[in-house]
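Biologist: I am new to this structure, and I would like to understand what lies behind the terms used for it. Could we go through them together?

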Amino acid sequence: MYTLLIGNKNYSSWSLRPWLALSVGGIPFKEEKLTLFTPEFAARLAPLTPSGTVPLLLDGDFAVWDSLAICEYAAERHPQARLWPADPRARARARSLAAQMHSGFADLRNVLPMNIEALLPGIEISPAAQQDISRVQAIWQDTRAEYGQGGPFLFGAFSIADAFFAPVVSRFITYGVTAAAGPVREYMDAILALPAMQAWMRDARAEGIFLPPDEPYRTQR
């Protein structure tokens, strides 16, 4: 069985992505949670990955790091999980969107860091971050219109692309980003209704750990 090393569920958006993909895909794994920014975190990861970051997947003595690499590894090893769309063009588009989320939208990530436990509406959102928000919402709406006829997710059935946008959904809830009734709101509701997403969010709210490096808008819980 795999072991997935993750960070704090309240803050670690990168950890959520493969955790959600494996969970929704029905791929068995053990979870090992490490507290970010601690000596124990660094010591555990040092012999396993030169990146020194989570998430990290252990398949026996073989380590895979980086959220997208982990998801790709799982998709290749477990084709029955159908973590990518079956249609070649839809699959290519899903990979493009996952990669775009993986490497882009820096202003959104920096201004609106994931913080599931908090509710922080009314913070000042920079024009660049607002532009990222609009781009993400347009991606959701356009992709659902073109590929989403078979279900509530971007490509109908859940895929790795949805796992990569799931932390953004949680950010929009935390910071009160508005989404009018329609495709964007429906997509957010579908992500939030996933049993695996609900389980992650319950755990995040129960952690009770406050990490100042991930808290630009609060000094305590």
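Modeller: Let us begin with a charge and a ring: Arg 17 lies over the face of Trp 14, at 4.5 Å from the ring centre. Please keep in mind that this is a predicted model, in which local features need pLDDT of at least 70 and side-chain atom pairs count only at pLDDT 80 or more, while totals for chains, interfaces and linings use all residues. Residues are numbered from 1 along each chain as its sequence is written, and side-chain values use heavy atoms, with hydrogens and water left out.

Biologist: Why is Arg 17 said to lie over the face of Trp 14?

Modeller: A charge sits over a ring if NZ of Lys or CZ of Arg is within 6 Å of the ring centre and within 35 degrees of the ring normal. The distance for Arg 17 and Trp 14 is 4.5 Å, so it satisfies the limit of 6 Å.

Biologist: What makes the aromatic pair of Trp 19 and Trp 200 edge-to-face?

Modeller: Rings of Phe, Tyr and Trp (its six-membered ring) pair if their centres lie within 6.5 Å, and planes under 30 degrees apart count as stacked, over 60 as edge-to-face and the rest as tilted. A search of the whole structure finds 10 aromatic pairs. In the pair of Trp 19 and Trp 200, the centres are 5.1 Å apart with 65 degrees between the planes, so the pair counts as edge-to-face. Trp 19 lies in helix H1 (residues 13-24) and Trp 200 in helix H9 (residues 195-206), so the pair ties together parts that are 181 residues apart in sequence. Helices (H or I, at least four residues) and strands (E, at least two) are DSSP runs, numbered from the N terminus.

Biologist: How do you know that Phe 153 and Phe 158 count as buried?

Modeller: Buried means under 20% relative accessible area, exposed over 50%, and partly exposed in between (1.4 Å probe, protein chains only). Phe 153 has 9% relative accessibility and Phe 158 has 10%, so each counts as buried. Phe 153 and Phe 158 also form an edge-to-face pair, 5.7 Å centre to centre with 90 degrees between the planes.

Biologist: Why is the link between His 78 and Tyr 2 called a polar contact?

Modeller: A polar contact is a pair of N or O atoms within 3.5 Å; within protein, one must be able to donate a hydrogen and the other to accept it, and residues adjacent in sequence count only if both atoms are side-chain atoms. The side chains of His 78 and Tyr 2 are joined at 2.7 Å, so the distance satisfies the limit. His 78 is found in the loop between helix H3 (67-77) and helix H4 (88-103), and at 16% relative accessibility His 78 counts as buried.

Biologist: What makes strand S3 and strand S4 a pair?

Modeller: Two strands pair if DSSP finds at least two bridges between them. Strand S3 (residues 56-59) and strand S4 (residues 62-65) run antiparallel and are joined by 4 bridges, so they satisfy this rule. In their hairpin, which has 2 residues between the strands, Gly 60 takes a positive phi near 65 degrees.

Biologist: Why is Asp 66 called partly exposed?

Modeller: The relative accessible area of Asp 66 is 31%, so the value falls between the limits for buried and exposed. Asp 66 is found in the loop between S4 and H3, and its phi is near 85 degrees, a positive value in a residue other than glycine.
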